[in-house]
Amino acid sequence: MEGKKIKVNVLGEQLIDTLVKYSQKITSEELTREFETKLENIQKGKTQKENIIEEYKTEISSILDDIEENKLKIGQELYKAYRESMIVGECKCGKNLILISSRQGNPFVGCSGYPECKNTYSLPRGATILKTKCEECGLPMISFGKPRQRACLDPKCGKEDQEPSNEVVGECPECGSELIKRSGRFGEFIGCKGFPKCRYTRSIEENV
Ligand SMILES: [Zn+2]
Ligand SMILES: [Zn+2]
Ligand SMILES: [Zn+2]
């Protein structure tokens with residue numbers, strides 16, 4: 001243990017703070033020091049591990065009692081801390097957008113103002129939420145897919161006045177047909193006119 005700093009992330013710190021708030025015993029210096037001495041004694045072979053575990057059963061169960069008593073509040077605070085650690089941007093309503101992982105299905109982005117604000121945005125598979133904000137609406141941009149595409153978190157953003165251009169941008173290196181700009185569900189990419197026979201695609205950013 002000596003010399004080793006334990007790295008605690010923000011969430012971990014929150015966890016400790018919250019637990020300490022509800023059970024002073026957890027970090028009581030006395031207890032910690034006492035426990036350290038006992039551990040040393042075990043290492044030196046002076047004490048049997050079993051004895052100590054027995055001795056601390058009461059201490060630990062009293063800590064657990066504190067936690068049990070306050071579990072609702074602890075849960076709420078941790079949940080709040082957890083949500084805060086998941087903030088990805090600002091919702092159109094001014095509250096925070098948070099990344100929500102659901103047990104079943106893909107993670108999605110929702111508003112911290114829920115249930116008043118019901119804005120949610122589904123994420124394409126393997127999407128990363130970028131720090132960049134959309135110039136149109138201020139929502140975060142996402143990056144996803146293969147080839148990697150970039151688009152606004154809101155799949156409807158800017159879609160109303162944007163017709164698929166079908167602009168020819170070059171020649172397919174695989175079959176020689178025309179390459180055109182295509183609009184996918186989440187943004188534009190470059191694809192081969194020979195699709196579906198030729199499945200060549202590339203992202204718009206790669207200016208090859
Ligand atoms: Zn909102
Ligand atoms: Zn946008
Ligand atoms: Zn092709």
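These legends go with a handful of close-up views of the predicted model.

**View 1. The whole chain, with an eye on confidence.** This is a predicted model, and its protein chain averages a pLDDT of 80, with 85% of the residues at 70 or more. Going by elements, the bottom of the ranking is helix H1 (residues 10–22), with a mean pLDDT of 72, and the top is strand E6 (residues 140–144), at 93. Take care with residues 1–6: pLDDT stays under 50 there, and the model gives that stretch 0 contacts beyond four places in sequence. In total the chain holds 4 helices and 11 strands. Of its 208 residues, 14% count as buried. Among contacts with a separation of 6 or more, 30% link residues 24 or more positions apart.

**View 2. Helix H3, kinked and out in the open.** H3 covers residues 49–69, which makes 21 residues. From first C-alpha to last, H3 reaches 29 Å, close to the 30 Å expected at 1.5 Å a residue. There is still a kink of about 40° in H3, and Lys-57 sits at its centre. How many of the 21 residues of H3 are buried? The number is 0, so H3 lies largely in the open.

**View 3. The largest nonpolar core.** Zoom in here on 13 residues that make up the largest nonpolar core. Leu-97, Val-109, Ile-142, Cys-152 and Leu-153 have the most contacts inside this core. Three strands each give two or more residues to it: E2 (96–100), E3 (108–111) and E7 (149–152). Apart from this core lies another, of 5 residues, including Cys-172, Phe-189, Ile-190 and Cys-192.

**View 4. Val-109 and what it touches.** Leave out residues up to four places away in sequence, and Val-109 touches Leu-97, Ile-98, Leu-99 and Ile-100, among others. Val-88 is also on the list, as are Thr-120, Tyr-121, Leu-123 and Leu-153. Val-109 is also one of the residues with the most contacts inside the largest nonpolar core.

**View 5. An open sheet of four strands.** The order is E8-E9-E10-E11, and the pairing is antiparallel. E8 and E11 (201–202) are the edge strands, each pairing on one side only. Strands of a sheet pair through backbone hydrogen bonds, either parallel or antiparallel.

**View 6. The hairpin of E8 and E9.** Strand E8 (residues 168–171) runs antiparallel to strand E9 (residues 178–184), and 3 bridges join the two. Which residue in E9 is the bridge partner of Val-168? Ile-180 is that partner. Between the strands come 6 residues, and in this hairpin Gly-176 takes a positive phi near 85°.

**View 7. Two cis peptide bonds.** If you're setting up a force field, check these two. One is the peptide bond from Lys-146 to Pro-147, cis with omega near 5°; Pro-147 lies in the loop between E6 and E7. Another cis bond runs from Phe-195 to Pro-196, again with omega near 5°. Pro-196 has its place in the loop between strand E10 (187–192) and E11.

Key:
Residues are numbered from 1 along each chain as its sequence is written. Chains are lettered from A and ligands numbered from 1 in the order in which they are written. This is a predicted model: local features need pLDDT of at least 70, side-chain atom pairs count only at pLDDT 80 or more; totals for chains, interfaces and linings use all residues. Two strands pair if DSSP finds at least two bridges between them. A nonpolar core is a set of buried Ala, Val, Leu, Ile, Met, Phe, Trp, Tyr and Cys residues joined through C-beta atoms within 7 Å. A residue is buried if 20 or more other C-beta atoms lie within 10 Å of its own, exposed if 12 or fewer, and partly exposed in between; C-beta atoms are placed from the backbone. Two residues are in contact if their C-beta atoms, placed from the backbone, lie within 7 Å. The expected span of a helix is 1.5 Å times one less than its number of residues. The bend at a residue is the angle between axes fitted to the seven residues ending there and the seven starting there. pLDDT is the predictor's confidence in each residue, from 0 to 100.
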